[in-house]
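Hi there,

Here is the structure I promised to pass on. Have a look at it first, and then read my notes below.

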Amino acid sequence: MNSTRTRRALVAAAGVAALALPLAACSSGGGGDDGTTEITFLVPNSGTNVESAEAMIAAFEEENPDITVKVESQPAGTEGDNLMKTKLATGEMADVFWYNSGSLFQALNPDQNLVALDDQDWVGDMQDNMAAVVSTENGVYGAPFGATQAGAVVYNKKIYADLGLTVPTTWAEFAANNETIKAAGIAPVIQTYGDTWTSQLFILGDFGNVLAQDADWAEGYTSGDRKYVDEPALAGFANQQEGFEKGWWNEDFASALYDDGARMVATGEGAHYPILTGIVSTFQQNFPGDLENIGVFALPAANADDTKLTVWLPNGVYIPKTTEGDQLAAAKSFVAFINSPAGCDVQNTAMVPSGPYAISTCELPADVPGLLTDMQVYFDEDRTNPALEFLSPIKGPNLENITVEVGSGIRGADDAAALYDEDVKKQAQQLGLDGW
């Protein structure tokens with residue numbers, strides 16, 4: 001993928017949403033009485049983020065006894081976003097902070113507020129897709145912390161082996177596999193509309209294929225020049241409609257939940273489950289004996305050359321311009337350590353990887369589930385593209401309701417795409433983006 005073009009798309013995505021935040025010349029860290037340098041590291045308090053940060057700090061301090069890192073936390077989500085912007089505006093940001101990559105990162109106005117890290121050795125080790133979502137046209141500002149995940153088709157390998165099927169690379173091949181599976185009395189595609197968010201994967205997981213066919217699609221979408229009623233983006237809605245009409249779903253698709261979907265694909269009650277690969281943690285916890293029967297492949301495009309794995313990239317770690325002097329040097333050392341082999345060991349043990357890493361210095365352990373090694377092939381062969389949310393700030397809030405309707409046979413693809421385009425338009429206007 002052309003990283004320069006992607007960075008251009010990211011800058012356009014930020015648009016007027018980028019905030020011009022004044023900075024005070026102060027740093028939140030300091031020096032200790034014993035000659036050590038103290039810095040602070042801010043993380044969201046959701047999930048196991050604080051515990052992961054503490055494990056990373058412990059390993060870093062062991063190798064760097066002259067640096068002390070104090071962890072700070074704050075809420076995730078909208079509240080956290082507002083706090084982040086306030087801290088940058090008032091000069092009270094921690095010396096290093098962990099935050100989103102992609103369009104939300106762009107809204108922090110990184111050129112004005114963050115320290116450029118282009119001179120750091122690890123920058124050249126990042127994948128182009130990752131570098132693009134922590135950069136502007138003026139520099140690289142972040143490093144990854146954590147692994148990727150993908151929106152893809154999780155599938156039961158035993159069913160494939162029993163029926164003599166091969167992994168599809170085109171939609172026609174996928175459809176043919178589904179008919180063979182249906183004839184064998186197995187649900188070809190699991191849908192779980194009791195958890196409505198899961199209905200979106202036919203659209204969200206297809207975006208890598210859209211970008212393969214139109215590299216400027218995200219930029220055009222953000223400026224109002226690309227629509228879901230047109231190909232190639234319409235294909236996601238059309239594919240979901242086809243699945244319902246051909247009877248590929250499990251009988252209880254309207255009420256089944258995410259955990260039901262995990263059970264069905266793990267035990268072979270169903271063959272395919274379009275979902276985020278973060279589901280691997282559910283398999284590890286609830287179905288450890290079935291892990292090696294579970295694989296993953298990209299949602300297929302019409303043409304094999306356009307079939308790309310749609311990837312959700314990890315958050316980044318950043319340094320604000322208020323970090324100066326000894327604290328800046330210590331902060332750069334800490335960011336570098338996170339993506340060193342020692343730091344990657346911490347990530348592999350303190351965090352459950354949901355996919356490959358976005359930097360070559362980090363490798364998955366040899367004993368990871370096969371689902372993750374299946375994903376690694378797409379990364380090694382450069383057959384990935386970032387999810388749309390990393391390239392544009394626009395996502396209509398009603399998508400999951402619309403896709404439930406498509407998947408339930410209530411609304412056709414063309415009508416659904418037009419309705420979603422209106423949903424997108426309202427959100428873009430609320431954001432004040434040009435072209436809407």
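Helix 2 and helix 16 are roughly antiparallel to each other (angles over 145 degrees count as such). Their axes come within 10 Å and cross at roughly 150°, where axes are lines fitted to C-alpha atoms over the stretch in contact and angles run from 0 to 180 degrees between N-to-C directions. Helix 2 covers residues 49-63 and helix 16 residues 341-350; helices are DSSP runs (H or I, at least four residues) and strands likewise (E, at least two), numbered from the N terminus. Among the residues making the contact (heavy atoms within 4.5 Å) are Ala-55 and Met-56 of helix 2 and Val-346 of helix 16.

A word on the source: this is a predicted model, where local features need pLDDT of at least 70, side-chain atom pairs count only at pLDDT 80 or more, and totals for chains, interfaces and linings use all residues. Residues are numbered from 1 along each chain as its sequence is written, and side-chain values use heavy atoms, leaving out hydrogens and water.

Next, find Ile-319 in the loop between strand 13 (316-318) and helix 15 (325-338). Ile-319 has 0% relative accessibility, so it counts as buried (under 20% relative accessible area; exposed is over 50%, partly exposed in between, with a 1.4 Å probe and protein chains only). Its C-alpha atom is 5.6 Å from that of Val-115, although the two are 204 residues apart along the chain.

Finally, there are 10 salt bridges (a side-chain nitrogen of Lys or Arg within 4 Å of a carboxyl oxygen of Asp or Glu). One of them pairs Lys-157 with Asp-374 at 3.4 Å, joining helix 7 to helix 17.

Enjoy exploring!

Note on methods:
Angles under 35 degrees count as roughly parallel, over 145 as roughly antiparallel, 65 to 115 as roughly perpendicular and the rest as oblique.
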